[in-house]
Amino acid sequence: MRVSIRDEILTVAGALFYKEGIRAVGVERIIEKAGVAKATLYRHFPSKEHLVAAYLSERHERVLRSLQEVLSSIPDARGQLRTIFEQLHEKADSPEFRGCAFALAVAEHGSSERVVTIAREHKRSVREIFATVLARAGISAPAPVAHLALLYEGALATVAVHRDPAHVLAARNAALDVLDWSLQRAGGWLTIDTVPTASGKIGGEA
């Protein structure tokens, strides 16, 4: 099926935005790379801000589809968590990986209400994915959901800085520990002070 001009522009712009940064990539560069006239680009995207928002919205939908496919194809919570983090590891183990596209966009374009709104919605949706995973295991407390989301976000940020995808696997192992600990507590509230540390002690213990 032939790709629409709008989708072609969006694909080119998205690749450039993620690789080089939103501020570094001008409209003229996108027009040249996509091989379209300026009037054509502005007919589909009235401004660069609209183009950035469309890029983030498309990426949001793509990431959510991938995560939802994990939930629909794997029946157990442990397998779902393992797969979510291992898929992230595959992405991170690439020279093109620069970290979270939404965090990068807010860092560069945080004055845009459109950009910030999409980024926040994405983070909320990812958190809901983890809530769904834990609900399948019979865990409804909100704290473990927050811990899993923070591990996921932390893995994205840490790999972007250190360029070592092994950090995602460390986050995966910690996420599985959160699941096991939550199951042991039989649905009780899990707080920062009750997460087991690497030494086996409870957080906050001397």
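Helices are taken here as DSSP runs of H or I of at least four residues, and strands as runs of E of at least two, numbered from the N terminus. On this basis the predicted model reads along its sequence as α-α-α-α-α-α-α-α-α, with 9 helices and 0 strands in the chain. The chain comprises 206 residues, of which 43% count as buried. Among the contacts with a separation of 6 or more, 65% are accounted for by residues 24 or more positions apart.

Helix α9, which covers residues 166-184, was examined for its length and for its packing. With 19 residues at 1.5 Å a residue, α9 should span 27 Å, and because its end C-alpha atoms are 27 Å apart, the expected and computed values agree. The buried residues of this helix are Val168, Ala171, Arg172, Ala175, Leu176, Val178, Leu179, Trp181 and Ser182, a list in which Arg172 and Ser182 appear alongside Val168 and Leu176. These buried positions pack against α5 (77-92), α7 (113-136) and α8 (142-162).

The loop between α8 and α9 contains Arg163. Most residues other than glycine have a negative phi. Arg163, in contrast, has a positive phi of about 55° although it is not a glycine. With a relative accessible area of 54%, Arg163 is classed as exposed, because this value is over 50%.

Two buried polar side chains illustrate how the helices meet in the interior of the model. 

Gln80 is found in helix α5, and at 1% relative accessibility it counts as buried, since the limit for that class is under 20%. Leaving aside residues up to four places away in sequence, Gln80 touches Val70, Leu71, Ile74, Pro75, Val133 and Arg136. Of these contacts, Val133 and Arg136 fall within the bounds of α7 (113-136). Gln80 and Glu69 are separated by 11 residues in sequence and by 9.9 Å in space, C-alpha to C-alpha. His60, for its part, is found in helix α4 and is buried with a relative accessible area of 15%, because that value too is under 20%. Residues up to four places away again being left out, His60 touches Phe102, Glu121, His122 and Ser125.

The internal spaces of the model were considered next. The count comes to 2 cavities of 30 Å³ or more, and the largest of them has a volume of about 50 Å³. The lining of this largest cavity is formed by Val63, Ser66, Leu67, Ile84, Gln87, Leu88, Lys91 and Tyr152, with α4 (48-73) and α5 being the elements that give two or more residues to it. The largest share, 4 residues, comes from α5. Sorted by class, the lining of the largest cavity has 5 nonpolar, 2 polar and 1 charged residues, the charged one being Lys91.

The second largest cavity holds about 40 Å³ of space and is lined by Phe17, Tyr18, Gly21, Ile22, Tyr55, Arg98, Ala101, Leu104, Ala105 and Glu108. At least two residues of this lining are supplied by each of α1 (5-20) and α6 (101-109), and α6 gives the most, with 4 residues. By class, the lining of the second largest cavity has 7 nonpolar, 1 polar and 2 charged residues. In terms of domains, at least three residues of the lining are drawn from each of domain 1 (1-46) and domain 2 (56-186).

Turning to open spaces, the largest pocket has a volume of about 330 Å³. This pocket is lined by 18 residues, and those nearest its centre are Arg59, Val63, Lys91, Phe97 and Gly99. Val63 and Lys91 also belong to the lining of the largest cavity. Each of α4, α5, α6, α7 and α8 supplies at least two residues of the lining of the largest pocket, and α4 gives the most, with 4 residues. By class, the lining of the largest pocket has 9 nonpolar, 4 polar and 5 charged residues.

Methods: Residues numbered from 1 in each chain as written. Predicted model: local features only at pLDDT ≥ 70, side-chain atom pairs only at ≥ 80, totals over all residues. Heavy atoms only, no water. Expected span 1.5 Å × (residues − 1). Buried < 20%, exposed > 50% of the residue type's maximum accessible area, 1.4 Å probe, protein only. Contact = heavy atoms within 4.5 Å. 1 Å grid on protein atoms, 1.4 Å probe; cavity = no way out; pocket = protein on both sides within 12 Å on 5 of 7 lines; lining within 4 Å. Points joined across faces, edges and corners; volume = space filled by probe spheres on them. Domains from an automatic or database assignment.
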